[in-house]
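Hi everyone, thanks for making time this morning. Let me put the structure up, and then I'll walk you through it.

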Amino acid sequence: QPPNSQTEESCVLKRADCRAKGGAPGFKVAILGAAGGIGQPLAMLMKMNPSVSVLHLYDVVNTPGVTADIGHMDTGAVVRGFLGQPQLENALTGMDLVIIPAGVPRKPGMTRDDLFNINAGIVITLCEGIAKCCPNAIVNLISNPVNSTVPIAAEVFKKAGTYDPKRLLGVTMLDVVRANTFVAEVLGLHPKEVDVPVVGGHAGVTILPLLSQVKPPSSFTPEETEYLTKRIQDGGTEVVQAKAGAGSATLSMAYAAVKFADACLRGLRGDAGVVECAFVASEVTELPFFATKVRLGRRGAEEVYQLGPLNEYERVGLGRAKKELAESIQKGVSFIRK
Ligand code: NAI
């Protein structure tokens, strides 16, 4: 028999609240879009993360079910669900990290840019809530097109007077995860042994794997370079086509999001040497936002690393990436300034 809500209120929730408030070690994390294809496995994996003491699950549909389900897992984090716009502020208050996979995903034949209008509106609403309720939280933005939604979020925070470029991170980790997997296959190594920097942005040619900087140092034939670069750039489309109308990457994205969120939490905790790729405000190129390796610390992306030496193939790719990226960034900024 499930407890009735009164019994649960008196027996369980108060203690859970005490545990959460009483300095149980760990961070408070909110997932916005928690009932979606990415949101659900992401919520499950964050509930398994020992660095998380409180997990808030927000969506405009289905959060009661997801919260009840995830809440039964015997791991430490206290899970609370929030449904619909009136509960957004409660979902956000006091959070250290906010992860945003809210929005519509691609269907076959769509580019990430086709999602622009719907997802831009969603991101604006959610970021206004963050500016009001947890302006110091680190934000991990997953909603596509990331190349435009990150500049949009920055403008929302600027308007609210809360913008801290170090705390706003576009999640490009799935590109790195794919790059590690595909490069490991070609090299015959375990993916854990492989580190591929992926720079630029998160769409098509803006995704630029730097195969000349792969660790362990490796050389690739021109055919391998072409195959790997294309496969990494088209990884998202490969999944969209295979799912044939049922959405885009969700499980690998949830894995990548958790890998990145965990790095952010280790940075917040003060661990040294936490370095991952992310799409952030940047002076590495002439563009205002760019993905490179960043060092994560207590204040977010505390250091943005330079590109390092590129070979000719990568220099050509960089030119192409910057051209498309400039347009996507401008599109985001113009949308919100209008
Ligand atoms: P989905 O449609 O399965 O889930 C999205 C969820 O967002 C739904 O539960 C929906 O109710 C919720 N939502 C819609 N409006 C909302 C609002 N105003 N506030 C809160 N929640 C709201 O989509 P899926 O597959 O989970 O993808 C989510 C987003 O992530 C898409 O924009 C997709 O393109 C993007 N994505 C990003 C990747 C990356 O590497 N950065 C990779 C894969 C997807």
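Let me start with a question: is Arg178 buried or exposed? Keep in mind that this is a predicted model. Arg178 counts as buried, because it has 26 C-beta neighbours inside 10 Å, and the cut-off for buried is 20 or more. Arg178 belongs to helix H7, residues 173-187. Leaving aside residues up to four places away in sequence, Arg178 touches Ile232 and Gly235.

Why pick that arginine? The UniProt record, an unreviewed entry, lists Arg178 under "binding site", together with Arg106, Arg112 and Asn144.

So what about Arg112? Arg112 sits in the loop between strand E4, residues 97-100, and H5. Arg112 is buried too, because 26 C-beta neighbours lie inside 10 Å of it. Outside the stretch up to four places away in sequence, Arg112 touches Arg106, Asn144, Pro145 and Ala203. Two of those names, Arg106 and Asn144, are also in the UniProt "binding site" feature.

Now to the ligand. How many residues surround the ligand? There are 33, and the closest are Gly33, Gly36, Gly37, Ala102 and Asn144. You'll recognise Asn144 from the UniProt feature. Helix H5, residues 116-133, gives the shell its largest share, with four residues. By class, the shell holds 18 nonpolar residues, 13 polar ones and two charged ones.

Next, a look at helix H11, residues 312-337. With 26 residues, H11 reaches 37 Å from its first C-alpha to its last, close to the 38 Å expected at 1.5 Å a residue. Which residues of H11 are buried? They are Glu314, Gly317, Ala321, Leu325, Ser328, Ile329 and Gly332. As a reminder, an α-helix has 3.6 residues a turn, so residues three or four places apart point the same way. The buried residues of H11 pack against helix H6 (146-160) and against three strands: E7 (198-200), E8 (207-209) and E10 (289-297).

Let me finish with the whole chain. The protein chain has 11 helices and 11 strands. Its C-alpha trace spans about 65 × 50 × 40 Å along the principal axes. The radius of gyration is 20 Å, which agrees with the value near 20 Å for a compact globule of 338 residues. Buried residues make up 48% of the chain. Of the contacts with a separation of 6 or more, 69% come from residues 24 or more positions apart.

That's my tour, and I'm happy to go back to any part of it.

How values were computed. Residues numbered from 1 in each chain as written. Predicted model: local features only at pLDDT ≥ 70, side-chain atom pairs only at ≥ 80, totals over all residues. Near = placed C-beta within 6 Å. Helix = DSSP H or I, 4+ residues; strand = E, 2+ residues; numbered from the N terminus. Nonpolar A, V, L, I, M, F, W, Y, C, P; charged D, E, K, R; others polar. Expected span 1.5 Å × (residues − 1). Buried ≥ 20, exposed ≤ 12 C-beta atoms within 10 Å, placed from the backbone. Contact = placed C-beta atoms within 7 Å. UniProt positions renumbered as here; feature names shortened; annotations may be inferred. Rg over C-alpha atoms; globule rule 2.2 N^0.38 Å.
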